There are 2 protein chains.
Amino acid sequence: MEHLLQSLKIGINEKIYVKDPESSDLGKRIIGESILMIDALGFESFTFKKLGLKIGSNESSIYRYFENKHNLLLYLASWYWGWLEYQLVFATNGMADVTGKLKKTIEILTKPTEEDSAFSHINEVLLNKIVINEYSKSYLTKEVDTENKEGYFVIYKRLVNRLSAMIAAVDSAYAYPSSLASTILEGSLHQHFLKDHFTSLTDCRNTGDSTAYFTQLVFNSLNTEPNG
Amino acid sequence: MEHLLQSLKIGINEKIYVKDPESSDLGKRIIGESILMIDALGFESFTFKKLGLKIGSNESSIYRYFENKHNLLLYLASWYWGWLEYQLVFATNGMADVTGKLKKTIEILTKPTEEDSAFSHINEVLLNKIVINEYSKSYLTKEVDTENKEGYFVIYKRLVNRLSAMIAAVDSAYAYPSSLASTILEGSLHQHFLKDHFTSLTDCRNTGDSTAYFTQLVFNSLNTEPNG
DNA sequence: TATAATTCGATAGTAATACTATTATATTTA
DNA sequence: TAAATATAATAGTATTACTATCGAATTATA
């Protein structure tokens, strides 16, 4: 499987970029360094000019890959969700027991990110931090509906729908599988943010707390047992 | 009570503004019109220059009230949460039964906003839309920790803590009262957003769905009965 | 191997943003 | 009536978020 992953590429909607950053060395440097830079400066202070300077390239060259920094954020987020989806599919592949599968899925979706050596130019841990701090900004815009129609959020939506389907598989009588699924994905990011900045608003302090909280939340809502 | 509300003022941290907008006619116009304008243009496209033009005033005059548009957003959000807190306190005042009180609280916090005639220059329905679409941007910044120390988020935190305390009052053995409280407040905004832009990710479509979803979520997690 | 196509870097330029500073005028208050 | 305060008008600055053009280097193709 290690080998399989080495040649694996996260498939991202081609409309998000002007030129595929995976297709050149410069493109990969844009992705790799933008992750470090957005993490360090925050999305607001991050500019293509600063990025160009850092990677020893030119502002206008970066515009050949992405129309603007918003689309770069969409790309990074899509990559992250696509990567998480792979983690999920590989980890739960072949599990027959739907309850155990859901439990494993919640674990994958809520635990802190670990480095993945399969993608050398991407720091997944920092990318996860970026998603926690910036993802909301990618859809809380006046252009959401247009961009949604263009398919800029498909991977994220697919992930939520996967989770929703698993919830429904465990308890088909439960009335809110999609709401619960979106609450988990979004809520997980939020709890991680609170842990770092508003400690009084969360009970999640140590590794695993978040997973335990959401697991309990889900299985208390469904007619089944987490170990059943 | 109508009368009481007429002379009521939402108390907001004085550090958020340069000059209290409630202290002058221009200040009130800034607040009232900024709500319409942020709703119409979105926070990114909203500028003090455009606002000045619309209220027949000057860009530099608005800067005498708020350092920048970020602080104006913090002010609007604080006002909204303070207003919601009043709704909550008045509605649950004197309720002896903790379970019924929690149920009522969840209802107030998750139902769609209704116009309040007590504050004539503020459109609460649009302000609620702004909070749904823009609130995350007020804390997803590199300056959160500093601004949090300055007390820019106290009202929101107090609201979450009120809810958390009520959850704990209903079931003191529940391990995640703060996480559940923050999940409800943030999740409620998120479900309303999804209802408008990503319908496939939520089961909330009609008035009351959101309240029903979160009520069930909470009471399935706690050792009690919603009507008990 | 010649040539065509692509890629990238460099430079220049623009409109808008997010302010700051100053001054003049109008209004309120002492 | 003078003093204090509030507001409007104007001007100016650094930065942002681009767009356009051009030439050099690299790569692909015939």
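**View 1. The surface near DNA strand D mixes residue kinds.** The residues of this surface split into two nonpolar, eight polar and four charged. Here Ala, Val, Leu, Ile, Met, Phe, Trp, Tyr, Cys and Pro count as nonpolar, Asp, Glu, Lys and Arg as charged, and the others, Gly among them, as polar. Keep in mind that this is a predicted model, where local features need pLDDT of at least 70, side-chain atom pairs count only at pLDDT 80 or more, and totals for chains, interfaces and linings use all residues. Residues are numbered from 1 along each chain as its sequence is written, while chains are lettered from A and ligands numbered from 1 in the order in which they are written. DNA strand D is surrounded by 14 residues, and the closest are A:S60, A:N68, B:L26, B:S57 and B:S61. "Near" a strand means that the C-beta atom of a residue, placed from the backbone, lies within 6 Å of it. Two or more residues come from α4 of chain A and likewise from α4 of chain B, with α4(A) giving the most, three residues. Helices (H or I, at least four residues) and strands (E, at least two) are DSSP runs, numbered from the N terminus.

**View 2. Here is the surface near DNA strand C.** Around DNA strand C there are 14 residues, with A:S24, A:S57, A:S61, B:S60 and B:N68 the closest. The elements giving two or more residues are α4 (59-63) of chain A and α4 (59-62) of chain B. By kind, this surface has two nonpolar, eight polar and four charged residues.

**View 3. Chains A and B meet across a two-fold axis.** A rotation of 180° with 0.0 Å of shift along its axis lays chain B on chain A, at an RMSD of 0.0 Å; the fit is by least squares on the C-alpha atoms of residues with pLDDT of at least 70 in both. That is the relation of a two-fold axis. In chain B, the C-alpha of B:N220 is nearest the axis, 2.8 Å from it. Each chain brings 37 residues to the contact, where two residues touch if their C-beta atoms, placed from the backbone, lie within 7 Å. On the chain B side, α10(B) gives the most, ten residues. That side divides into eleven nonpolar, 18 polar and eight charged residues. The copies meet through the same surface, because 100% of the interface residues of chain B are also interface residues in chain A.

**View 4. Helix α11(B) is covered from both chains.** This helix has 13 residues and reaches 18 Å from its first C-alpha to its last, close to the 18 Å expected at 1.5 Å a residue; the expected span is 1.5 Å times one less than its number of residues. Among its buried residues are B:Y213, B:F214 and B:L217 (buried: 20 or more other C-beta atoms within 10 Å of its own; exposed: 12 or fewer; partly exposed: in between; C-beta atoms are placed from the backbone). Their cover includes α10 (177-197) and α11 (209-221) of chain A, plus α6 (98-110) and α10 of chain B.

**View 5. Zoom in on A:I132 in chain A.** This residue sits in helix α7 (residues 124-139). Is A:I132 buried or partly exposed? With 19 C-beta neighbours inside 10 Å, A:I132 counts as partly exposed. Leaving out residues up to four places away in sequence, A:I132 touches A:L189, A:H192 and A:F193. Chain A itself has eleven helices and zero strands, and 39% of its 228 residues count as buried.
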